[in-house]
Protein chains: 2
Amino acid sequence: MSNETVWERPEPPGKPSPAPLSRDLIVEAAIRLADGGGLDEVSFRKVAAALNAGPMRLYGYVETKDELLDLMVDEVYGEITPPPPSADWREGLRHVAHGVRAAAKRHEWFIDLLSNRPHQGPNALTHLESTLATVGFDDIDEVMSAVGAVMAYVFGAVRGEITELRAERTTGMTEEQWQRANGPYMERMLATGRYPMLGKVMHESSDRDPEAVFDEGLDYVLLGIATKHGL
Amino acid sequence: MSNETVWERPEPPGKPSPAPLSRDLIVEAAIRLADGGGLDEVSFRKVAAALNAGPMRLYGYVETKDELLDLMVDEVYGEITPPPPSADWREGLRHVAHGVRAAAKRHEWFIDLLSNRPHQGPNALTHLESTLATVGFDDIDEVMSAVGAVMAYVFGAVRGEITELRAERTTGMTEEQWQRANGPYMERMLATGRYPMLGKVMHESSDRDPEAVFDEGLDYVLLGIATKHGL
DNA sequence: TATTGGCTCGATACACTGTATCGCGATGAG
DNA sequence: CTCATCGCGATACAGTGTATCGAGCCAATA
């Protein structure tokens, strides 16, 4: 007869697992889903299913879907390491910029959630605090101005990168396929002769490492700040 | 007996008006709805209703909703006037930056549609062409780099402005109401003592004209470009 | 111990979305 | 006048966020 202990009992099919839930577990699951398949995968039904729960159960922990999205955003802010205190303002801002870029590349949906609501979560505030702190200017208005400009550039640049990245992925994997898909349309456009500069860009420009392009733009901003404030 | 001609026959209530339709009419209606009530107002049903048509009728002119959104975006690009040929690169880029900002403020939904797909509509291409053309650098890579950095900043900055604007509108109309609504939370946060710089910003910084802030950031970028390329 | 109260969970429902399918009705051709 | 064609839109389907409410369980009280 077989009455050995079953160490890993398979869940009875009817009631999969009444695992305890928490905000963090929900946010974690939502992020995992979003990382895997984009923001479309984040619905209360799908998140709940990923946690073996009914959709309505989530409302005990999260008021509304917008709140869940806010929590996801704040979680990403928490992943970004602050600049070391030893860094001067240029190094510090560069550190922050790269941190945001890296986080946004890990979580492509992050950049899509920027327009919804201003980010006032604890992690976002900590992130902002450390960013402000790394810029040691005396005049607080100058600090805000510099940080604001850098952040605006960073968000704009990262969004551009991700949009392009998504487009490539949609059309097909390779650059070559993209050329074949959008080539005819662009060729027709260029053939009209109304876009000489665009033609030059497409034919003569060297396609460079995205990170180098990002850094070059960032350097413009930092250099401009330094020049203007005489640093 | 009354058999006079009825010159203006009221539409029979069942069939309001079989007005002819076109892509442009549809896009125009969609933009009007979006301007009035945000992107949420743009659904095939609502757009069609605004044109006295059934929802399915639109599919004769527009393949999919994403296409409609693309058309709306391109229409906005068409509203932005190119810089005058006489402008040097700084004036030209400033002109473009202000044009984009103004357009995005007229159509707050515009900035939300940037992440979806790269903008390859005819108006967007024309816009890009004139932007490239206004930067008369010899090296095409330098042109791209400068234009890319400026556009990244502009989109990031404008998005920030609009996000803030929306937040103010959501919480309530006035700044004072906002203070009362979010004040307690922020005060509690600041009271922890973990955000000294943030506290300084909130208490000591002068709240300046958004356009001046935008211009200052833009000047950083332009100044950086000029300095780096020795102009 | 029996009962009752409360609370947690999720099934159901509602209004809405984008879009596929298909039948009706008007319009043009023979 | 009849027939065919085709554009339109009613209907349907799968999905969304979320309000409502009933069932079931757990704990405390009689």
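What follows is a conversation between a trainee and a mentor about a predicted model of two protein chains and two DNA strands.

Trainee: Let's start with the pair of chains. How do you know that the two copies are related as by a two-fold rotation axis?

Mentor: Lay chain B on chain A: a turn of 180° and a shift of 0.0 Å along the axis do it, with an RMSD of 0.0 Å. The two copies are therefore related as by a two-fold rotation axis.

Trainee: And what makes you say that the copies meet through the same surface?

Mentor: Look at who takes part: 100% of the interface residues of chain B are also interface residues in chain A, so the same surface is used by the copies. The contact takes 48 residues from chain B and 48 residues from chain A. A residue pair counts here if the C-beta atoms lie within 7 Å.

Trainee: Which helix of chain B gives the most to the side that touches chain A?

Mentor: That's α6(B), with 17 residues. Helices α5 (122-134), α6 (140-171), α8 (196-204) and α9 (210-228) of chain B each supply at least two residues of that side. By class, the side of chain B that touches chain A has 26 nonpolar, eleven polar and eleven charged residues.

Trainee: Now the DNA. What makes a residue count as near DNA strand C, and which ones come nearest?

Mentor: The C-beta atom has to lie within 6 Å of the strand. There are 13 residues around DNA strand C, and A:Gly54, A:Met56, A:Arg57, B:Ser43 and B:Lys65 come nearest. Helix α2 (residues 44-50) of chain B gives the most to that surface, with three residues. Sorted by class, the surface near DNA strand C has five nonpolar, four polar and four charged residues.

Trainee: Which residues come nearest to DNA strand D?

Mentor: Of the 13 residues around DNA strand D, those are A:Ser43, A:Lys65, B:Gly54, B:Met56 and B:Arg57. Here the largest share of the surface, three residues, comes from helix α2 (residues 44-50) of chain A. The classes come out as five nonpolar, four polar and four charged.

Trainee: Why is a stretch of chain A called a "DNA-binding region"?

Mentor: That name comes from UniProt, in an unreviewed entry, which places the feature at residues 43-62 of chain A. In the model, the end C-alpha atoms of that span lie 13 Å apart, and the span is 35% helix and 0% strand.

Trainee: What does the domain assignment give for chain A?

Mentor: Domain 1 (13-62) and domain 2 (69-228). Their C-alpha centres lie 30 Å apart, and eight residues of domain 1 are in contact with six residues of domain 2. On the domain 1 side of that contact, the residues divide into five nonpolar, one polar and two charged.

Trainee: Last one. What makes the phi of A:Asn52 worth a look?

Mentor: Most residues other than glycine have a negative phi. A:Asn52 isn't a glycine, yet has a positive phi of about 55°. A:Asn52 sits in the loop between α2 and α3 (65-79) of chain A. In chain B, B:Asn52 also has a positive phi, near 55°, and lies in the loop between α2 and α3 (65-79) of that chain.

Trainee: Why is A:Asn52 called partly exposed?

Mentor: Count the neighbours: A:Asn52 has 14 C-beta neighbours inside 10 Å. Buried would take 20 or more, and exposed 12 or fewer. The count of 14 falls in between, so A:Asn52 is partly exposed. B:Asn52, with 14 other C-beta atoms within 10 Å, is partly exposed as well.

Technical notes: Residues are numbered from 1 along each chain as its sequence is written. Chains are lettered from A and ligands numbered from 1 in the order in which they are written. This is a predicted model: local features need pLDDT of at least 70, side-chain atom pairs count only at pLDDT 80 or more; totals for chains, interfaces and linings use all residues. Helices (H or I, at least four residues) and strands (E, at least two) are DSSP runs, numbered from the N terminus. Ala, Val, Leu, Ile, Met, Phe, Trp, Tyr, Cys and Pro count as nonpolar, Asp, Glu, Lys and Arg as charged, and the others, Gly among them, as polar. Domain bounds come from an automatic or database domain assignment. Copies are superposed by least squares on the C-alpha atoms of residues with pLDDT of at least 70 in both. UniProt positions are given in the numbering used here, feature names are shortened, and annotations may be inferred rather than shown by experiment.
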